[in-house]
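Trainee: I would like a close look at a single part of this model. Please take one helix pair and go through how it packs, then say what else belongs with it.

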Amino acid sequence: MPINRLERFAHNLDWNLLRTFVVVVEEGSITRAANRLLLQQPAVSMALKRLEQSVGHRLIDRSPGRFELTEAGERLHALCHDIFTAIVRLPEAMQLSGEDISGHITLHAVSHAMNPAWDRAIADFFRQHPRVTMGVTVETTTDVIRSVERGVATLGLSDGIIPEGLEKTPFCYERYALYCGRGHRLFGVRDARLEDLRGEPYVSFLADVLGGPHMGPVTAVRAIGSFGQQVRALAFNVEEVLRLVVANAGIGMLPVHLTGAALAAGELWQLPPYDDLPVTETFRITNPGSALNPAERAFLAHMADVPAWRWGEPHQSG
C-alpha cells in the first residue's frame, strides 16, 4: 500500500471501531459485546461491518452456528492488542522519573494469592517510596490475565494457564483438599472412600470448571475421583467457596492453609482423597510490552527476587 494511501487510511479510520472489534472478539458474541459496551446489538453489528469495509477483509465468520476469527481477523486482533496496550499506558509512561519516585501501581489478583515474603517486601517498598500509591483489584483468573494483557494492570497474581506473551514467575504453591459442611452425610466419617462422593453436588471456582480454559490439578482430581460433575454453585473467590461449603451447598476443594479455623470450629470436615493432594501454582505475571511509569518500574525491580511461598501439608481437625 503506497505511503499516501496508508496515511489516508489512518486518517479516515474511526479508531472506536477497533475497540468495538476487540470487545466482540473477547466476548465471542455480538450480543454480549453490545451489553458490555452499553450499545444496541445493531450498532455493534454495523460497527463491525464498517471496520471490515475499512480494512477490506472479512474479520469474523458469523455464519449460522459459527463465530470464528478469519485469518485477517486474527492478525488485526493481535495488532489491536499492541495498540491498546500502548494507549492505556500513555499517561503512566509520560511521568518523569526522579530521585523521589511517585506514581501509581495497579495490582490485579485472584483472591487466594498469599505470600508472607511478598507482604514484607511490599512494606519495605513503601518505606522507601512513600509517595507511591497502589490499587488492588480482586478478579477471576480470566480477568486478571486479560487485565495484564491489556496493560491495565502493572502486575497480576494469577493461577491458570498463562499466555505465552506474558512473563510469569512462581508466586506461591497451595495444597488443596476436599471438604464438606456440618450438615453433610459424611461429616465426621473417618473412613469415607472416594467412591462415596460420586454424584455429590459441588461448589466450584469459576476457573475450576470441567472443560474450562484454566483447568489445573484441582480439576484433575475431580475427574479422577468422578466427583464434582454436578456443580451446584460457582464463585470466583475462596471466601465465597468456603462459605457455601460450610452452608452445605455442596462439597468443595479449598486451600488447606485457609481451612484451619473452620475445621477447629467444627464447620468443615475433610473428605478423601487424603493422600497426593493437588498443588496449584499461582504466578506473578507482567506484560513485557507495557510502558511503565517510574513507580511501576521501581516496584517490579524491588519485588523481582521475592521467592515463591510453599504452604504446608494438610491437616484434619478432631
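Mentor: What follows covers the packing of helices H3 and H4, then a salt bridge and a surface patch. The model is predicted. Helix H3 spans residues 30-37 and helix H4 spans residues 41-55. Their axes lie 8 Å apart, and the packing angle is about 110°. Because angles of 65 to 115 degrees count as roughly perpendicular, H3 is roughly perpendicular to H4. On the H3 side, the contact is made by Ile-30, Thr-31, Ala-33, Ala-34 and Leu-37. H4 contributes Gln-41, Val-44, Ser-45 and Leu-48. Sorted by class, this contact of H3 with H4 has 6 nonpolar residues and 3 polar ones, with no charged residues.

Helix H4 also takes part in a salt bridge, through Glu-52. The side chain of Glu-52 meets that of Arg-62, with an N to O distance of 3.4 Å. Arg-62 sits in the loop between strand S1 (60-61) and strand S2 (68-69), so the pair links distant parts of the chain, 10 residues apart. The count of salt bridges in the model comes to 10.

Elsewhere, there is a nonpolar patch on the surface, of about 500 Å². Val-136, Val-138, Leu-206, Val-231, Leu-234 and Phe-236 make up this patch. Strand S4 (132-138) and strand S8 (231-235) are the elements that give two or more residues to the patch. Val-138, one of the patch residues, is found in strand S4.

Note on methods
Residues are numbered from 1 along each chain as its sequence is written. This is a predicted model: local features need pLDDT of at least 70, side-chain atom pairs count only at pLDDT 80 or more; totals for chains, interfaces and linings use all residues. Side-chain values use heavy atoms; hydrogens and water are left out. Axes are lines fitted to C-alpha atoms, for helices over the stretch in contact, and angles run from 0 to 180 degrees between N-to-C directions. Helices (H or I, at least four residues) and strands (E, at least two) are DSSP runs, numbered from the N terminus. Angles under 35 degrees count as roughly parallel, over 145 as roughly antiparallel, 65 to 115 as roughly perpendicular and the rest as oblique. Contact means heavy atoms within 4.5 Å. Ala, Val, Leu, Ile, Met, Phe, Trp, Tyr, Cys and Pro count as nonpolar, Asp, Glu, Lys and Arg as charged, and the others, Gly among them, as polar. Patches are made of residues with over 30% relative accessible area and no salt bridge: like charges are joined within 9 Å, nonpolar side chains (Val, Leu, Ile, Met, Phe, Trp, Tyr) within 5 Å. Accessible areas come from the Shrake-Rupley method with a 1.4 Å probe; for residues, only the protein chains shown count as cover. A salt bridge is a side-chain nitrogen of Lys or Arg within 4 Å of a carboxyl oxygen of Asp or Glu.
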